[in-house]
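Visitor: I am new to protein structures and would like to be led through this one slowly. Could you put it in front of us, please, so that I can ask about it?

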Amino acid sequence: MTLQQLRYLMAVAQQGSFNAAAAHLFVSQSTLSISVKELEEELGIQIFLRSNRGLKLTNEGTELLGYARQVLEQAELLENRYATRTENRARLAISTQHYAFCVQAFVSLTNEVGVNAYDFTLRETRTGEIIDDVRNFKADIGILYLSESNEKVLTSTFEEAHLSFTPLFEARTHVFVGNHHPLASRASVCLADLEEYPRYSFEQGLTNSFHYSEEPFGFMPHSRNITYSDRGTLTTLLTMGNGYTLSTGVMSNEMSSNIVALPLEEKSIMRVGYITHDEKVLSDLAKRYIELLRECIANNPSDSIIAVR
């Protein structure tokens, strides 16, 4: 089995026919047919069902395609990682839940970095993907939070993936609403006050478990739920809608003018920190990014932070 065979397999599956895949790859149809047939013979399975309607993956073919996709993604990571090694590029990859202070620290790092060439990545993404990114060395650092409701499950996941969690700060849970919201003038709110309003939550994809939710109390049922995928959308929802979200209460610059953070009366502490792989030594750039994270947190005027680690 070769990477080329897997690439051919992916192309045929995506294009839906050998003819279309051959045209897409600029190779002959016979080349693809022979490649797939050799793969079937080597693995002892049938990958495609052929009919007048075209190609259809068998169950074994579908399973193989999933493995092929993972292998090709890892191969691409290797190629990208070492293709420009002779250029001595500095590299840093961060995967994080949706926190403005992570972006602020990232921008500060790019402004002060003293190298001529670098490849930096900042990925705001789902909790499960943050863990996978660090587990698979796609990210140097992953930033997320722990609480009483998710700590046991996530800590177990970290241990299985050979990851370590280092806390940055602890904060009381706050309710974010637009300054026009009926609750905006309250000194504090409880969960019962929120029952009649839509709940905004970051979309978590296939790992849509409350343990992976970015919002505390995700395990509690709610009658009206709206999911979204980026901080910009959340800002618009809070500014224009009558819903709410739960977070640390640490306000970002783009949110502070039209959005208020109200203390939640129910006791709930969010412990925000970062995960790293036990088998990887952090680079000087990664260590500097962590320093800048701590500086951004220490300089944040929010009274929701109760402890900085």
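Visitor: Is Ser-108 buried, partly exposed or exposed?
Guide: This is a predicted model, in which local features need pLDDT of at least 70 and side-chain atom pairs count only at pLDDT 80 or more, while totals for chains, interfaces and linings use all residues. Residues are numbered from 1 along each chain as its sequence is written, and side-chain values use heavy atoms, with hydrogens and water left out. Buried means under 20% relative accessible area, exposed means over 50%, and partly exposed lies in between, with a 1.4 Å probe and protein chains only. The relative accessible area of Ser-108 is 26%, so this residue is partly exposed.

Visitor: In which helix does Ser-108 lie, and what separation do the C-alpha atoms of Ser-108 and Ser-17 have?
Guide: Helices are DSSP runs of H or I with at least four residues, strands are DSSP runs of E with at least two, and both are numbered from the N terminus. Ser-108 belongs to helix α5, residues 100-112. Along the chain Ser-108 and Ser-17 are 91 residues apart, and their C-alpha atoms are separated by 49 Å.

Visitor: Which residue in β2 stands opposite Ser-51?
Guide: Two strands pair if DSSP finds at least two bridges between them. Strand β1 (residues 48-51) and strand β2 (residues 54-57) pair in the antiparallel sense over 4 bridges, and a hairpin through 2 residues joins β1 to β2. In this pairing, the residue of β2 that stands opposite Ser-51 is Gly-54.

Visitor: Which residues of helix α8 are buried, and why do they line one face?
Guide: Helix α8 covers residues 231-240, and its buried residues are Arg-231, Leu-234, Thr-235 and Leu-238. Seen down the axis of α8, these buried residues line one face because they fall within an arc of 100 degrees, the arc being that of the directions from the helix axis to the C-beta atoms.

Visitor: Which residue has a side-chain oxygen that reaches the backbone nitrogen of Gly-232 at the start of α8?
Guide: A polar contact is a pair of N or O atoms within 3.5 Å; within protein, one must be able to donate a hydrogen and the other to accept it, and residues adjacent in sequence count only if both atoms are side-chain atoms. At the start of α8, the side-chain oxygen that comes to within 3.0 Å of the backbone nitrogen of Gly-232 belongs to Asp-230.

Visitor: Where is Asn-150, and which residue's backbone nitrogen lies 2.7 Å from a polar atom of its side chain?
Guide: Asn-150 sits in the loop between β5 (141-146) and α7 (151-160). With a relative accessibility of 1%, Asn-150 counts as buried. The backbone nitrogen that lies 2.7 Å from a polar atom of the Asn-150 side chain is that of Ser-147.

Visitor: What phi does Phe-26 have, and what phi does Phe-217 have?
Guide: Most residues other than glycine have a negative phi. Phe-26, in the loop between α2 (18-25) and α3 (29-43), is exposed at a relative accessible area of 76%, whereas Phe-217, in the loop between β8 and β9, is buried at 14%. Although Phe-26 is not a glycine, its phi is positive, at about 60 degrees; Phe-217 is not a glycine either, and its positive phi is about 65 degrees.

Visitor: With which residue does Glu-151 form a salt bridge?
Guide: A salt bridge is a side-chain nitrogen of Lys or Arg within 4 Å of a carboxyl oxygen of Asp or Glu, and the structure holds 12 salt bridges. Glu-151 is partly exposed at 29% relative accessible area, while its partner is buried at 19% relative accessibility. The closest N and O atoms of the pair are 2.5 Å apart, and the partner of Glu-151 is Arg-271. Because Glu-151 lies in helix α7 and Arg-271 in strand β12 (residues 269-277), the pair ties together parts that are 120 residues apart in sequence, namely α7 and β12.

Visitor: Which residues do salt bridges with shared partners join into one network?
Guide: Arg-123 and Glu-129 meet through their side chains in a salt bridge of 3.2 Å, N to O. Both residues are partly exposed, Arg-123 at 27% relative accessibility and Glu-129 at 25%. Through salt bridges that share partners, one network joins Arg-123, Arg-126, Glu-129, Asp-133 and Glu-203.
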